[in-house]
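Dear colleague,

Please find below the structure that I am handing over to you, followed by an account of what was found in it.

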Amino acid sequence: MDVNFALAVIKESMQKKIVAAGNVNRDAYIQIQKEDLLEFADFFKNDPRLKFDMLSDLFAVDYPKRPERIEVIYNFYSVVNNFRIFIKIRSKIDESEYPSLTSFYNSANWFEREVYDMFGLKFKGHPDLKRILNPDDWDGHPLLKDYPLRKRPEPEEIEMDRPGYIELDKI
Amino acid sequence: MFEYKDFLIETDKFALNVGPSHPATHGVLRVLVKLDGETVVHAEPMIGYLHTSMEKLAEHRTYHQAETITDRMDYVSGASNNLGYILAAERLCGVKASKRAEYVRVILAEFTRISSHLVWLATHAVDLGALTEFLYCFRERELVLDIIETVTGQRMTPSFFRVGGLAMDFHKDFVNKTKDFIKIFPEKINEYEALLTKNKIWLERTKNIGVISAEDAINFALTGPSLRGSGVKYDVRKASPYSRYEDFDFEIPIGEIGDVYDRYLVRIEEMRQSLKIISQAIDNIPEGEYSSYHEYPAYVIPPKKKALTTMEGMIFLFKYGMEGIKPPKGEAYVSIENPRGELGFYLVSDGSAFPYRMRVRPPSFCNISALNKMTAGYMVADLIAIMGSVDILLGEVDR
């Protein structure tokens, strides 16, 4: 089965909620609104014809000139049916109602933390949203286009006596 | 006098910090473990100690300069990472490499898989106390790296692939060295297995340890041997073949229950299958050009001979070196089967010579995120076995 079948199934049930559809080279993508994401994820995971059981990747791209500058891209893959589809959602950085997919896919946990770390987008409903690759006290979000390539913190900003351990009740 | 209760140690709420500089974490992984006595209740991996923001760096390099970043990401399987990146860049440009180039790419990628699995087996066995295995594995790994060096000039970070083919044709010694290696290596794999596979100590340490079910493995987006150990027959080389993998005949080994021992068996068998692919490819390397410059002169580096004999070849080479290639606007995604799992590259091009965004779908990153699921309920000593069996590489987890 190929992805055209999946697209036909999705369009049949969700036609009204698809903003745009197209191709990422050889793979298909659909663009949707962020309010509909949880509904789509539920449909993707549980529909017997689709069975997108793996959230293979989740990342963002920054387009500073757009009014909604962050484009979050989800990479859904079905191990059973062997097809892949991308979902794109545009959002502002300081969006307060951006839904988290952690209730459907465990892999979304770290991916969403990475997007938060690199872009500053906060996912609502994430169990433990904190920085993952950068230190907790890092200033700024490095993968935004207006973040310079060579940025160093000022010497007085570095707290040399900051404790390096984490309290037990936080884990 | 002492009473019995004086000898009881307060065991609840005991936190143990494994790493970041611990020899069994294979790099700078830090795991915060919550223990009840000696049993792991919760294990939280903390990553980022090796973070160098390679995705940001790639946005400030040309397409071919960014290739050198990819093999430094996963420095044990450099050629494999280069392959994924170059395939994504080729798909962006609409370029197809020549058949000869694709065969050499497959051979190098499979050699990389063997060398990566050898490093994994060596370090994993040392973690569990089998030092001889380490010496055996590094002995053969040196042979593999020699062959890779014969072709690419580099042992671990080749950066040998170019959009549309290779940097140069392979060296004349390559075929003979590879054939020699194919002759001796199957016996060596038996040697590794003789030490471990039916070893009582090894079985005690690995059987029924770190079990993860197939559903959980898919839900955590595990790929590679960690997923196949749980019995899911998913391999990108078969599911969506790239770079002429459909020409070769090979099996996908899978495990049964998804414990440490299954993942060990899967990787051992994968080395045999890789060798099978190499022996098929090396016998059938087609004659012809190593790059498809004639079909796609706009994107492919001109051969050096062309530049030294013709005017336009010289101009193209100069432009290529000064400006780099400029793929059309668009996006492309390619995933390949890395030794550690599914490695994906998502490239966004805005029409300039620099990638607008390079997203790496890191296999180790996803694999280690399931560590808590795998370790909860096992002993602290098993944590080391499980971390080893997942085969992470911190350069790629942190990027």
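The contact between the two chains is a suitable place to begin: 34 residues of chain B are in contact with 26 residues of chain A. On the chain B side, each of the following supplies at least two residues: strands S2 (30-36), S3 (39-46), S6 (330-338), S7 (341-349) and S8 (355-361), together with helices H1 (54-58), H8 (214-219) and H14 (363-369). S6(B) gives the most to this side, with four residues. Sorted by class, the side of chain B that touches chain A has 14 nonpolar, nine polar and eleven charged residues. Please bear in mind that the model is predicted.

Several of these strands belong to sheets, which I describe in turn.

One open sheet of chain B has three strands in the order S1-S2-S3, with antiparallel pairing. Strand S1 (14-18) and S3 of chain B each have a single partner strand and stand at the edges, so one side of each is left without a neighbour in the sheet. On average, neighbouring strands of this sheet are turned by 20° against each other, direction ignored. S2(B) and S3(B) pair over seven bridges in the antiparallel sense. As for individual residues, Val31(B) stands opposite Pro45(B) in S3(B).

Another open sheet of three strands in chain B has the order S6-S7-S8, and its pairing is antiparallel. Here S6 and S8 of chain B are at the edges with a single partner strand each, so one side of each is left without a neighbour in the sheet. The average turn between neighbouring strands of this sheet is 15°, direction ignored. S7(B) and S8(B) run antiparallel and are joined by six bridges. Within this part of the structure, Ser349(B) stands opposite Pro355(B) in S8(B). Helix H3 (residues 78-93) of chain B packs on the sheet, where it touches S6 and S7 of chain B. The direction of helix H3 of chain B makes about 155° with that of S6(B).

Finally, I turn to the interior. Which residues have the most contacts inside the largest nonpolar core? They are Val115(A) and Ala88(B), in a core of 154 residues. Helix H4 (residues 99-127) of chain B gives the most to this core, with 15 residues. Leaving aside residues up to four places away in sequence, Val115(A) touches Leu58(A), Phe59(A), Ala60(A), Val72(A) and Leu121(A).

With kind regards

Technical notes. Residues numbered from 1 in each chain as written. Chains lettered and ligands numbered in written order. Predicted model: local features only at pLDDT ≥ 70, side-chain atom pairs only at ≥ 80, totals over all residues. Core = buried A, V, L, I, M, F, W, Y, C linked by C-beta atoms within 7 Å. Buried ≥ 20, exposed ≤ 12 C-beta atoms within 10 Å, placed from the backbone. Contact = placed C-beta atoms within 7 Å. Nonpolar A, V, L, I, M, F, W, Y, C, P; charged D, E, K, R; others polar. Pairing = 2+ DSSP bridges. Axes fitted to C-alpha atoms, helices over the stretch in contact; angles between N-to-C directions.
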